[in-house]
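Reader: I'm new to reading protein models, and I'd like a close look at just one part of this one. Could you pick a helix and walk me through what surrounds it?

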Amino acid sequence: MDRQRLAASAWFARVWWWRRSGVSARAYCLAQGIPYSTFMAWRARLVRELAGGPLPFHRYEL
């Protein structure tokens with residue numbers, strides 16, 4: 001497994017454990033010693049990837 005996929009897997013697990021914890025993201029990060037901004041950035045990235053990536057933008061000429 002390459003390094004990027006390993007990092008994504010680790011962050012997916014953290015997000016999964018946070019959701020199971022029932023506490024706020026900020027409280028979870030504080031308890032785990034994770035920077036809140038990093039956690040939220042990874043969470044957003046994983047959501048985009050699970051949704052199929054960024055939405056394609058098509059430019060139409062009139």
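Author: Let's start with a bit of vocabulary: a charge sits over a ring if NZ of Lys or CZ of Arg is within 6 Å of the ring centre and within 35 degrees of the ring normal. Keep that handy for later, and keep in mind that this is a predicted model.

Our part is helix H3, residues 36-50. A quick check on its length first: with 15 residues at 1.5 Å a residue, H3 should span 21 Å, and its end C-alpha atoms are 21 Å apart, which agrees.

Now, which residues of H3 are buried? They are Phe-39, Trp-42 and Leu-46. Look down the axis of H3 and these buried residues fall within an arc of 70°, so they line one face of the helix. The spacing helps here: an α-helix has 3.6 residues a turn, so residues three or four places apart point the same way. On the face turned away from the buried side of H3 you'll find the exposed residues Ser-37 and Val-47.

What does the buried side of H3 pack against? Its buried residues pack against two helices, H1 (3-21) and H2 (25-32).

Take H1 to begin with. Ala-8 sits in this helix, and at 16% relative accessibility it counts as buried, because the cut-off for that is under 20%. If you skip its neighbours within four places in sequence, Ala-8 is in contact with Trp-42 and Leu-46. Ala-8 and Leu-46 are 38 residues apart along the chain, yet their C-alpha atoms are separated by 7.7 Å.

Over on the H2 side, rings come into play. The whole structure has five aromatic pairs. In one of them, the rings of Tyr-28 and Phe-39 have their centres 6.0 Å apart and their planes at 50°, so this pair is tilted. It links distant parts of the chain, with Tyr-28 in H2 and Phe-39 in H3, 11 residues apart. Both Tyr-28 and Phe-39 are buried.

Zoom out a little and you get one aromatic cluster, made up of Trp-11, Trp-18, Tyr-28, Phe-39 and Trp-42.

Here's where that opening definition pays off. Arg-14 lies over the face of Trp-11, a member of the cluster, at 4.4 Å from the ring centre. There's another case at Tyr-36, where Arg-26 lies over the ring face at 3.9 Å from the centre.

One last stop: just after H3, Gly-52 takes a positive phi of about 105°.

Definitions and conventions
Residues are numbered from 1 along each chain as its sequence is written. This is a predicted model: local features need pLDDT of at least 70, side-chain atom pairs count only at pLDDT 80 or more; totals for chains, interfaces and linings use all residues. Side-chain values use heavy atoms; hydrogens and water are left out. Helices (H or I, at least four residues) and strands (E, at least two) are DSSP runs, numbered from the N terminus. The expected span of a helix is 1.5 Å times one less than its number of residues. Buried means under 20% relative accessible area, exposed over 50%, partly exposed in between (1.4 Å probe, protein chains only). The arc is that of the directions from the helix axis to the C-beta atoms. Contact means heavy atoms within 4.5 Å. Rings of Phe, Tyr and Trp (its six-membered ring) pair if their centres lie within 6.5 Å; planes under 30 degrees apart count as stacked, over 60 as edge-to-face and the rest as tilted.
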